[in-house]
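User: Could you pick one part of this structure, look at it closely, and then walk me outward from there? Keep it informal, but give me the numbers.

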Amino acid sequence: MSDIKELLEKLSVCVEFGKIDVKSPYPPAMRDQEGAFELTRNALDSGISPGEILEEALIPAMSRVGQKFSRNEIFVPQMLMAAKAMSSSMIHLRPYYLSGHTKRKGTFIIGTVTGDLHDIGKNLVAMMIEGSGWEIIDLGVDVSTDKFIHAAEKHPGAVIGLSALLTTTMENMKKTVAALREKHPGTRILIGGAPVTAEFCTKIGADFYSPDPQGAVEYLKELANSQQHVNL
Ligand code: B1M
C-alpha cells in the first residue's frame, strides 16, 4: 500500500473511532497514538490535497459512523467523538478553502434549521462557498425561522442556505422557506442535507437543491455571473 493511501486510511480510522489528537485518551485502544489533528497536518505536509483528504478519508469515515449508528452498533457519544475528530481535522483544511479569493461575490446566509444540531456538513458548505468568494453569515444550528428572516432583512439581496440532517426537521425547513417566501419573495433559497432531495426542494418552493458543497458553489457562481439577486 502506498504511503499516501496508508496515511489517508489511518486518518479515516481516527475519525471513525473518534481519536481527536495525540493527547486524547479516547478511544483507550488508540491511547498515545496520533489522532485526526496530527494526521491531517501530516497529510497536507505530504502534498495530499484538502479535497482528497475530505473525499478519501473524512467523508467515508462519517458515512461508516452513520451506518454503524443505524445498525445500533454505536451510540450518540461515539458519534459525537467522531464529529469532534472530524472538526479537529477541519481546523487544518479550513485555511485552504478560505484562501485565494479576492472580491466578494455576494452574501450567503447559512444555518441548520430549527431542532437540528448537525453542523459538519453545513460548515463544509459554508467554508467552500466562502472560499469561492462569498461573504458568509453563519447563523449556526437550531436556527429559528425568525432568525433567518431577521438576517434576510439585515442583508438585503443575500442568498439563503438551509441545511437539515433529520427527516423530522425537514418539516421545519419547509416552514422556514414558506415564511421567507411570504416576507421576502425575491430571496434565493438553496437547500441541502442528507435526507433532502430535489423533489422535496420543488415541493417546498425553494430555488435549488444541492447534494454537496460543490453543487452549491456552482449554483452561486451562476447567480453571481448573471448578476441577479446578488448583493454586490
Ligand atoms: Co446524527 N443523525 N443524530 N448526530 N448523525 C444522522 C444524520 C443519522 C442519519 C444517523 C443514522 O441514523 N444513520 C440520523 C438521522 C436519521 C434521519 O432522520 N434521517 C441521526 C440521528 C437520528 C440523530 C439523533 C436524533 C440521535 C439521537 O439523539 N437519538 C440526534 C439528533 C440531534 C439533533 O440534531 N437534534 C443526533 C445527534 C448527532 C450528534 C450530535 C451526535 C452528531 C452531530 C455533531 C455535529 O454535527 N456537530 C451526529 C452525527 C455526527 C451524525 C452522522 C453520523 C454524521 C453527520 C455528518 O456530519 N456527516 C449522521 C449519519 C450520516 O450522515 N452518515 C447522523 C458528514 C457531513 C459531511 O455530511 O451532513 O450529510 P452531511 O453534509 C453533506 C451533504 O448533506 C451536503 O454537503 C455536505 C458535504 O458533502 N449538505 C448541504 C449539507 N448541508 C447542506 C446545505 C446545502 C447544500 C448541501 O445548501 C444550503
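Analyst: One cut-off first: a residue counts as buried when its relative accessible area is under 20%, as exposed when that figure is over 50%, and as partly exposed in between. Keep in mind too that this is a predicted model.

The part I'd zoom in on is helix α9 with its aromatic partner. Tyr219 comes out at 10% relative accessibility, so it is buried. Phe208 has a relative accessibility of 29%, which means it is only partly exposed. Their rings are stacked, with the centres 4.4 Å apart and 5° between the planes. The count of aromatic pairs comes to 1, and this is the one. Phe208 belongs to strand β5 (residues 208–209) and Tyr219 to helix α9, with their positions 11 residues apart, and the pair links distant parts of the chain.

Now the helix that carries the tyrosine. α9 covers residues 213–226, 14 residues in total, and goes 20 Å from its first C-alpha to its last, close to the 20 Å expected at 1.5 Å a residue. Tyr219 has buried company along α9: Pro213, Gly215, Ala216, Val217, Leu220, Leu223 and Ala224. Leading into the helix, Asp212 sits in the loop between β5 and α9. With 36% relative accessible area, Asp212 is partly exposed. Asp212 and Ala82 are 130 residues apart in sequence and 20 Å apart in space, C-alpha to C-alpha. Pro211 gives another spacing to check: its C-alpha is 9.4 Å from that of Pro195, 16 residues away in sequence.

Following that thread, Pro195 lies in the loop between β4 (189–192) and α8 (198–204). Setting aside residues up to four places away in sequence, Pro195 touches Ala164, Leu165, Leu166, Thr167 and Met170.

What does α9 pack into? The helix is among the elements that give two or more residues to the largest nonpolar core; the others are α1 (3–17), α2 (36–45), α3 (50–70), α4 (76–98), β1 and α5. That core has 41 residues, and Ile53, Leu58, Phe108 and Ile129 touch the most other members. Take Ile53: beyond its neighbours within four places in sequence, it is in contact with Leu8, Leu11, Thr40, Ala43, Leu44, Ile48, Leu58 and Leu93. There is also a second, separate core of 25 residues, with Ile149, Ala151, Val177 and Ile189 among them.

Ile149 and Ala151 bring us to helix α6 (residues 145–154), whose buried residues are Thr145, Phe148, Ile149, Ala151 and Ala152. These span an arc of only 160° around the axis, which puts them on the same side of α6. On the face turned away from that buried side you find the exposed residues Asp146, His150 and Lys154. The cover over the buried residues of α6 includes β1, β3 (159–163) and α7 (167–183).

β1 also leads to the metal. His118 is in the loop between β1 (107–112) and α5 (120–131). Its NE2 is the single protein donor to the cobalt atom of the ligand, 2.2 Å away. In α5 itself there is Lys122, and its relative accessible area is 3%, so this lysine is buried. Leaving out neighbours within four places in sequence, Lys122 is in contact with Ile110, Gly111, Thr112, Asp138, Gly140 and Ser163.

A few backbone details are worth a look before you set anything up. Most residues other than glycine have a negative phi, and most peptide bonds are trans. Tyr26 and Pro27, however, are joined by a cis peptide bond with omega about -10°. Pro27 is in the loop between α1 and α2. Asp32 is in the loop between α1 and α2 as well, and it has a positive phi of about 65°. At 64% relative accessibility, Asp32 is exposed. Asn72 also has a positive phi, near 60°, and sits in the loop between α3 and α4. Its relative accessible area is 57%, so Asn72 counts as exposed.

Notes
Residues numbered from 1 in each chain as written. Predicted model: local features only at pLDDT ≥ 70, side-chain atom pairs only at ≥ 80, totals over all residues. Heavy atoms only, no water. Donors = N, O, S within 2.8 Å, 3.2 Å for Na, K, Ca; no water. Helix = DSSP H or I, 4+ residues; strand = E, 2+ residues; numbered from the N terminus. Expected span 1.5 Å × (residues − 1). Buried < 20%, exposed > 50% of the residue type's maximum accessible area, 1.4 Å probe, protein only. Core = buried A, V, L, I, M, F, W, Y, C linked by side-chain atoms within 4.5 Å. Contact = heavy atoms within 4.5 Å. Arc of directions from axis to C-beta. Phe/Tyr/Trp six-rings, centres within 6.5 Å; stacked < 30°, edge-to-face > 60°.
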